[in-house]
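This report goes through a single protein chain, starting from one helix residue and ending with the cysteines. The sequence and structure come first.

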Amino acid sequence: MIEPTRERTYSWGDPSVSAEAARTSAGIEVLQAMARGELPAPPVIATLGFSLDVVEPGRVEFSFAPEEFHYNPIGSVHGGVYATLLDSATGCAVHSMLPAGVGYTSLDLTVKFLRAITVDTGRVRCTGTVTHLGGRTALAEARLVDGADRLLGTAISSILVIRPQPGTQIG
């Protein structure tokens with residue numbers, strides 16, 4: 001017999017507001033405003049229940065409390081949730097070092113899953129740091145740990161830095 005369906009409701013802010021801010025403000029300013037709740041966070045943060053907790057030049061920290069809605073069919077947090085969190089941390093770490101109007105996108109993401117995460121794991125945090133920032137590419141890494149600082153997963157990402165062409169207007 002199937003139990004009653006569980007439900008979840010959430011809301012998010014207009015992502016175009018933050019996208020516009022990214023065209024006119026440095027990445028660190030945009031991310032810090034998101035962390036303070038002054039700009040809407042990307043909808044994926046609300047969808048997965050993440051929180052952006054720390055923003056420093058070249059370093060960001062996200063966290064989340066694992067819930068049933070993160071689960072895969074075998075009763076643990078789906079690897080895609082790990083990957084999304086690790087990708088967010090690497091990308092935002094790079095964004096924190098970019099000037100206004102400069103974008104980025106992940107070229108690749110290599111993830112290592114080291115321990116299972118369940119609701120019993122408690123709140124976890126993911127720290128992303130920039131290891132190299134060049135004119136066209138960046139390299140960042142992220143570490144996902146539990147409350148006892150046990151390593152749950154890691155990632156390394158190559159990131160394409162998207163600079164406006166000379167003579168083009170931003171926005």
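## I45 and helix α3

Apart from neighbours within four places in sequence, I45 is in contact with F50, S51 and F62. The model is a predicted one. I45 sits in helix α3, which covers residues 43–48. With a relative accessible area of 12%, I45 is buried, because the cut-off for buried is under 20%.

P57 follows I45 by a separation of 12 residues in sequence, and the two C-alpha atoms are 21 Å apart in space.

## Overall fold

The protein contains four helices and six strands. Their order along the sequence is α-α-α-β-β-α-β-β-β-β. Among contacts with a separation of 6 or more, 64% join residues 24 or more positions apart.

The radius of gyration is 17 Å, which agrees with the value near 16 Å that a compact globule of 171 residues would have. Along the principal axes, the C-alpha trace spans about 65 × 30 × 25 Å.

## Surface and charge

Of the 171 residues in the protein, 36% are buried. The accessible surface amounts to about 9,400 Å², and carbon and sulfur atoms supply 53% of that area.

The charged side chains comprise 13 positive and 17 negative ones. The centres of these two sets lie 6 Å apart.

## Helices α1 and α2

Helix α2 runs over residues 27–35, and its buried residues are G27, I28, V30, L31, A33 and M34. Which elements do the buried residues of α2 pack against? They pack against two helices, α1 (15–24) and α4 (79–95), and against two strands, β1 (51–56) and β2 (59–64). After α2 comes G37, which has a positive phi near 80 degrees.

A21 belongs to helix α1. Its relative accessibility is 14%, so A21 counts as buried. Beyond residues up to four places away in sequence, A21 touches V30 and L39; V30 is one of the buried residues of α2. A21 and H70 are 49 residues apart along the chain, and 30 Å separates their C-alpha atoms.

## S96, after helix α4

S96 is placed in the loop between α4 and β3 (103–113). Is S96 buried or exposed? At 5% relative accessibility, S96 counts as buried.

The contacts of S96, not counting residues up to four places away in sequence, are G27, I28, L31, V55, E56, P57, G58 and R59. Among them, G27, I28 and L31 are buried residues of helix α2. P57 also appears above as the residue whose C-alpha atom is 21 Å from that of I45.

## Strand β5 and the loop after it

R143 is located in strand β5, residues 137–145. Its relative accessibility of 44% makes R143 partly exposed. With residues up to four places away in sequence left out, R143 touches L86, R125, C126, T127, L151 and G153. G101 is 42 residues from R143 along the chain, and their C-alpha atoms are separated by 28 Å.

D149 is found in the loop between β5 and β6 (151–162). Although D149 is not a glycine, its phi is positive, at about 65 degrees. D149 is partly exposed, with a relative accessible area of 49%.

## Cysteines

How many disulfides does a search of the whole structure find? The search finds zero. C92 is in no disulfide, and the nearest cysteine sulfur, that of C126, is 10 Å away. A disulfide needs two cysteine sulfur atoms within 2.5 Å, so a pair at 10 Å does not qualify. Seen from the other side, C126 is likewise in no disulfide, and the nearest cysteine sulfur to C126 is that of C92.

C92 is buried, with a relative accessible area of 13%. C126 also counts as buried, at 0% relative accessibility. As noted for strand β5, C126 is one of the residues that R143 touches.

Notes. Residues are numbered from 1 along each chain as its sequence is written. This is a predicted model: local features need pLDDT of at least 70, side-chain atom pairs count only at pLDDT 80 or more; totals for chains, interfaces and linings use all residues. Side-chain values use heavy atoms; hydrogens and water are left out. Buried means under 20% relative accessible area, exposed over 50%, partly exposed in between (1.4 Å probe, protein chains only). The radius of gyration is taken over C-alpha atoms; the globule rule is 2.2 Å times the number of residues to the power 0.38. Contact means heavy atoms within 4.5 Å. Accessible areas come from the Shrake-Rupley method with a 1.4 Å probe; for residues, only the protein chains shown count as cover. Lys and Arg count as positive and Asp and Glu as negative; His and the chain ends are not counted. The place of a charge is taken as NZ of Lys, CZ of Arg, CG of Asp or CD of Glu.
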